[in-house]
Amino acid sequence: MGAVKVDMPHNITQSNQDLNSSIPNFAAKNEVAEIAASMVEDGDFIAIGSGSTAFLLASKLHGKRDLTVATNSVYVAYELMQDKTINFNICGGSILSRNGACNGPFAELYLNDIQVDKGFCGTDSVSLEKGFISMDADPRSERAQCLAGKQRYMLADASQFKNRPFIEKICNFKDVDAFITNSNLDDSLISSLRDRQVDLIMAVKSFD
């Protein structure tokens, strides 16, 4: 199994211009994050998972009012902790160095007990056969985070279809309400996902 480059920014206080140079596939991930952020309303109670796309989503929530965020990501928590208009909770557990995610039984217990309006989850790989896949040997806390929302959204850009399935399944396509992706998804993949009755939310292609 090949290694995966850690795609989180080294300095999470960077500007978007700096993030552009430090996060692989930044433009695509940013498209996904923009869509997800547009779905968050004032007063929502949401869950945000770990990974660079989830971090970009968090960075776009400043200015929302009466928002409560639950997360398993130390990067998301750090991004939001200075915003006085946003309440946030972070679960405990062991911290994964590759992406700053809280992991293990303490994280799983917390995430199993919460119920939020909307949950936004990231993934390492997307497989038409298996669904959404993690490179971690024990993704139970990831799965619990994904399933915590009354409305569940998976965030992934087109490049994650090229990552071969890693170790463990996070969840199936049917476990989420919609799959949010960027504008460059191949037509053949769009057709295959629709054959599987996956509700796709995609960025609009730009022809500039």
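Select F132 in this predicted model. F132 is buried, with a relative accessible area of 0%. Add F161, F173 and F179: together with F132 they form one aromatic cluster.

**The aromatic cluster**

The model holds four aromatic pairs. Start with F132 and F173, which meet edge-to-face, 5.1 Å centre to centre with 75 degrees between the planes. F132 sits in strand β8 and F173 in the loop between β10 and β11, so this pair ties together parts 41 residues apart in sequence. F173 is buried too, with a relative accessible area of 12%.

Turn to F161 and F179. Their ring centres are 6.0 Å apart and their planes stand at 50 degrees, so the pair is tilted. F161 lies in the loop between β9 and β10, and F179 in strand β11, so the pair ties together parts 18 residues apart in sequence. F161 counts as buried at 16% relative accessibility. F179 is buried, with a relative accessible area of 0%.

**The open sheet**

Stay with β8 and show its partners. Three strands make an open sheet in the order β7-β8-β10, with antiparallel pairing. β7 (125-127) and β10 (168-171) stand at the edges with a single partner strand each, so one side of each has no neighbour in the sheet. From one strand to the next, the twist averages 45 degrees. Zoom in on β7 and β8 (residues 131-134): they pair over three bridges. Here S125 stands opposite I133 in β8.

**The largest core**

Now select I48, L57, L61, F120 and I180. Of the 29 residues in the largest nonpolar core, these touch the most other members. Elements giving two or more residues to this core include α2 (26-38), β1 (45-48) and β11 (178-181). The largest share, six residues, comes from α2.

Centre on I180. Among the residues I180 touches are V32, I35, A36, F120, Y153 and I201. Apart from this core lies another, of 20 residues, including V126, F173, F179 and L193.

**Helix α2**

Show α2 alone. At 1.5 Å a residue, its 13 residues should span 18 Å; the end C-alpha atoms are 18 Å apart, which agrees. Colour its buried residues: F26, A28, K29, N30, V32, A33, I35, A36 and A37.

**Last stop: P105**

Is P105 buried or exposed? At 62% relative accessibility, P105 counts as exposed. P105 lies in helix α5 (residues 105-113). Draw a C-alpha to C-alpha distance from P105 to G92: 9.0 Å in space, with their positions 13 residues apart in sequence numbering.

Technical notes
Residues are numbered from 1 along each chain as its sequence is written. This is a predicted model: local features need pLDDT of at least 70, side-chain atom pairs count only at pLDDT 80 or more; totals for chains, interfaces and linings use all residues. Side-chain values use heavy atoms; hydrogens and water are left out. Helices (H or I, at least four residues) and strands (E, at least two) are DSSP runs, numbered from the N terminus. Buried means under 20% relative accessible area, exposed over 50%, partly exposed in between (1.4 Å probe, protein chains only). Two strands pair if DSSP finds at least two bridges between them. Axes are lines fitted to C-alpha atoms, for helices over the stretch in contact, and angles run from 0 to 180 degrees between N-to-C directions. A nonpolar core is a set of buried Ala, Val, Leu, Ile, Met, Phe, Trp, Tyr and Cys residues joined through side-chain atoms within 4.5 Å. Contact means heavy atoms within 4.5 Å. The expected span of a helix is 1.5 Å times one less than its number of residues. Rings of Phe, Tyr and Trp (its six-membered ring) pair if their centres lie within 6.5 Å; planes under 30 degrees apart count as stacked, over 60 as edge-to-face and the rest as tilted. Lists of a residue's contacts leave out its neighbours within four places in sequence.
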